Structures are given as C-alpha cells and as structure tokens.
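Please open the structure in your viewer and keep the selection panel at hand. The stops below take you through it one side chain at a time.

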Amino acid sequence: MRDVDAIAQLIAAGLVPCFAYLCVGLRVVDRIGPEVRGAERWAFAWLFGTGVASLAILALRALGVPLPLLAAGAVAAAFWPFRGLRGASASSAEASKEDADASDAVRRIEAAAGAFAALLFITALAPETYWDGFEYHLPLIAAWTEGPIRALPGFVDAEFRAGIDLLGVPAVTSGFPDAVASVSAAFALALALLVRAEATRRAGAEAGALAGAFVLLAPLTIELAPSSYVDLGVGAYGFAALLLADRWNRGGSERDLLAAAACLAFAANAKLNAAALVPAVLLLVLVGGRRPPLAVLARSAAVLALVTAPWFVKTALTSGNPLYPLAAAWLGSGAADPRYFELRAFRGVANYPVERGPVGFAQYLLSLTWGRNVHVSGLLGPLPAALAPLAIARPSRATLALCAVGLALLALLFLALPAARFGTPLWPWLAVAAAVGGARLARSGRVARIAVVAVLAVVALHQFALAASVLLPRVRALRFPEAYAAERFPEQATLREMVARGEPVVGIPMGAVSWMTQPVYNLLWERNGELFFREGTPPAEALATLEERDVRSLVIDVAPPHPDDGRTGHVIVDAWLDAGVAALAPEVAPLPARGERRWVLVRFVTRAPGEASR
Amino acid sequence: MSAPGPALAGGWRVLAILWMVAAVAAYLAVREAGVDWIH
C-alpha cells in the first residue's frame, strides 16, 4: 500500500521527465520543427523534445552516465523555455482569436477532453499489467539502467530500436517503474492535439474538438496509453511525418519537409518497422502535385540519415548488424537463431489468420470496425467507419495522393503486421476524415445535425463506459498497486515469489513476466531469440545455451499429477531429471499457477558457479 | 479553415444518416451483444 507521500512521489516521477522533454522541445521546435502555432505547437514540441532527449539518453547511457529523476529535473530547469513559453502564449492567444467565435459547446468539449487526458495520465502511473510491457519494455529499460547500453545476449529485444523506451530511464533509475507509462499517455495527448488541429483546419473548431476528444476515448488509446508500449509514440511521430508531407503538398514550406524527415527518423528510432513510412512519405510528396526540388529532398534525406545514425551505430556495435533485424542472412543476426526471424514474422501475420488476398483484405478492413479479432477489431471505435466515408467529395490531387499512400500502407499492414497497434500512424487520418465527414453531415440540415449529435453522444457514452471500466480500477491501484497487479495476473505474483527462491539467473517459462526482482532468463523463443524450449530441441543443446547464459535454476509450471510423480511434463526438463543434471527442489513447496497448474523450482545440481559447460 | 465539402441533400443525406446509424449500431451489436459475423 502506498501512502500519500509515495503517491505524490510517483506522480512527480511521471511528471518531471515528461516536463523536461517538453521543455527541451519548446526550445528546439522553433529552430528545427515545422511552422505551427496554437496547441499544435505543444504537440510538436513534445515530439521534437522526446526525439532529441531520447538520442541524448542513448549517448549518455552508452557512456554509463546515470540519469535519475534529478537529472530530468535539472534538464527541465536548464531548458526552461522562457522565450519559448512567451512564444507559445502569443501563438495560443493568436489561436484563441481565431477561435473567438468558438461556441460554448467547443469549450465544454475541450474542458471534458482535458479532464479525461488528466485521468489518462494519472492512471498510467498504476502498475504495468500489459504483457509486452512487463515482458520486455520494462526489463529492457531496467537492464540499461543497471548498466550501460550494451549487448544483452539472450534478450533479443535489446537489439531492436528502443528510442521511446529510453525515455523511461529516469523513472526506472529512481525506482519508479510504474511511472514509465506516463510517456505513453503524453503521446496519446500529443496525438489528440495533432488530430484536433488538423480536423479544425479542415472542418472547423467544433469538429476539431470532437475529433481530439474521440482520439483520447478510442479503445486503442485506452489500451496503449496506460502501458509502456511504444505504439502511440510511433503513431504520433509517423502521423506527424505524413501530416507534414501532406502540408508540403498543399503549399507548405521546406521546413515542413525537413521536420517530416526528423519525425520519420524519431519513428524509426522507436521501432524499425516504422521505416516503412520513409518510402511512403517520399511517394506522397512525389505524386502529391508539388514535387520538391532535388536539393530539398537531399537536405531532408540528410536529416533522416543524421537522426537515425546513432541507432545504426548502436546496433552495429551490439549485434554486428546495423540493420538488425533486417538483412540477417547477409549481415548476421548476432546471438539470435536465424529461424527466430522467420517465426517472428509468421507470428505477426498470425495475429489475423486470414488468407492474404483481395477478399482477405476487404475482410480485414471490415473487421477493423465490426470484427471480433482481439488484435484488430473494434479498437478504433465506430466513428471512422460511420463518418469518414461521408467526407468523400471531389478530392484534390493532394488528397488523392494521401488516400493512395494510406491504402498502400494499410495493405502492407494486412500483409505483414495486421494488429491494430501497428497502424497508429494511419488511424489519426481516419479520425480527421471522420471529423470532416461528420461536419459535412451536421451542416446538411437540422435533422442531420440532430442525428450526428445523437450518434456522437451514444458513442461517447459507450467509449467512456469502456474507458472507465479500465481506468477507474487503476485510480485505486495508485494506492494498492500489489493488489491490482495480483488481480490482473494472479499467477504472476506467485511466479515472482517462486523466482525469489531460485538461484539467479532464474529461467522462467514461455510467456511469463520478466519484470522480476532478480535476474531472469525468459525461456520463450520470442524473448531470448536463441532457444526453442520445446520438444525437438536436444536437451544437451538447451542445457548448453542455458549454461552460457549462467542460468542456475528454473521456475516452470507443471500440470497435475506433476511434480508429485517426480516429473514436470516438460520434455527437456524431464530429460535433465533423468540424466541427473537437474533436480526438483523438494524443500520449496509448489505455488499456484494458472488453473490447476503449479509453479515448481528446478535446480541444476551438478554445476558450480563458473564451471565449464559439459 | 477549409469547408468540409458541400452539404448533403436529398437522398444522399438520408443515405448518409442511415449509414452512420447502421455502422454504429452494428459496432455496438458486435461489441456488446456478441454478434460474430466477421473475423
């Protein structure tokens, strides 16, 4: 249980780094960002602040410089943007003048959205309970907090880009891992501000305010914002890049393209698959009706190369392959088994197990709104499907180019990574289109306006109820974090308890949580990248891998009647038991795992620390 | 600010309202009533 002081410290641990990144952003956005004003400027300041700060953290942690919350506070003080804030106030005033005729309704919507954003931020500080968060995001930050950024054999996620993960370093360094997700919640707010600004530009203040509010309420936002997942951040960077490219097509300046290149680089630094946006943005400006001069394209490419270079260097140093995990066949895959990449790609596609073809693609598009696939369906809410088609009118060339590129990216998603969270750079466009379509229908007569208002009210009520069911328990969890975490994944609390009794490094089973109080080795191939801990892998080979990673004990889940019959039901472990190289720990009573299964502790009995592999 | 396209009139307006209502109703049916017509 946390007392009030501890909760206040936790909130500070969430706020201080975010504030520091924002301060950095307000200082740099006027120099290297696009020309923006009003609330949109805060969003771009956040994007550029986090992008730049993340690179600084990468460099400092590579050198082993500790970065506690105090350092973030010092950065906030040093970068306090006195003039930037004045500029922001001035541009806010300018924007306010533009919106002087904004109705009371707009003000009420924005006040409600602001209150909801605050709730989203606060509830992000409750314990991480989303799978990838505690399986690799938090352990990765912890590893790079306990030591410098380095190769981490047996932890394949350490070789991927982690630009957004690094933003959690100050919170984890100071002992507040629960505060890491505040960054994701802030990215949700940035996305909402970007959508609000673009929808306002295209459809008016009322539509803009509603579009921003519904971005915050969308089930996908509610799923991702309170976790240390990085998809909202990748989405914000990616959407901003597409937005700026579209702005260039509509008469924007060179600064927009240079800023688009920087946003693309930030996205790729956070997740390499976002690099697919680079050719998409290039295509968008080449066919959008305002082809940029070669010199401008060259300067944009230089920005992209410069900002992505640190991660290429990092990956080259730690895995030997600067493009890791791409081109593994030619440039190598570090410690990872090459089969890992094939399986991982297969697993991504399997999230939506439908044959790849035109019919499957149509089904995928329908399933985004009306399907029941847990990775894909319903996460955007109903408004994109209900309202975006109503925006169709005589499109400009820039709009046609944007739609064509968006459709191509959607097809790519369907083919390779169909889960909705990988489409975050695209979905905000649907929100903008829905705002335009809704605004168009709303000004098509009194009945139409009443219908739009009624439908929006029903959807808002539904989305809010869904959001409240997720977020309100997290308010209580600020005070009772252990109870909340144990309720969400009861078997994980007992796993932690059992891991605490093992001799580190402790091997833990497939899918289990790596966010433990002592060093663990995840037996899941997706996490370790080198060991397929299942039938078919020779026990001696598996043992050699575990010895290489200094694994001295295992916690595994067994089904009844195991282990009372002296077996575990795991083929490899039972072979070790037969060979006498491992033994069940009889003095450690099994603990409840999922369903009827129980956690048991297994020790490698014939090994001494430092003993060579047999 | 640019206008969000011309206002809808006549049959298009009726069609647009019906589409909007049907789309949201179908979403709620799938989500809350457990209707499972596409995967």
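For the opening stop, a charge counts as sitting over a ring if NZ of Lys or CZ of Arg is within 6 Å of the ring centre and within 35 degrees of the ring normal. With that in mind, and remembering that this is a predicted model, select Arg488(A) and Tyr130(A): Arg488(A) lies over the face of the tyrosine, at 5.3 Å from the ring centre. Then select Arg161(A) together with Phe312(A), where the charged end of the arginine sits over the phenylalanine ring, 4.7 Å from its centre.

Turn next to the aromatic rings, which form 24 aromatic pairs over all chains. One of these to display is Tyr324(A) with Phe341(A), an edge-to-face pair with 5.6 Å from centre to centre and 75° between the planes. The two residues are 17 residues apart and link distant parts of the chain, since Tyr324(A) is in the loop between helix H14 (294-319) and helix H15 (328-331) of chain A, while Phe341(A) belongs to helix H16 (residues 338-350) of chain A. Tyr324(A) counts as buried at 2% relative accessibility, and Phe341(A) is buried as well, with a relative accessible area of 16%.

Now select Tyr21(A), Trp46(A), Phe48(A), Phe187(A), Tyr237(A) and Phe266(A), which form one aromatic cluster.

Finish with the cysteines: how many disulfides are there over all chains? The count is zero, and Cys23(A) illustrates this, as the nearest cysteine sulfur, that of Cys18(A), is 11 Å away, whereas a disulfide needs two sulfur atoms within 2.5 Å. Cys23(A) is buried, with a relative accessible area of 2%, whereas Cys403(A) counts as partly exposed at 48% relative accessibility.

Note on methods. Residues numbered from 1 in each chain as written. Chains lettered and ligands numbered in written order. Predicted model: local features only at pLDDT ≥ 70, side-chain atom pairs only at ≥ 80, totals over all residues. Heavy atoms only, no water. Buried < 20%, exposed > 50% of the residue type's maximum accessible area, 1.4 Å probe, protein only. Phe/Tyr/Trp six-rings, centres within 6.5 Å; stacked < 30°, edge-to-face > 60°. Helix = DSSP H or I, 4+ residues; strand = E, 2+ residues; numbered from the N terminus.
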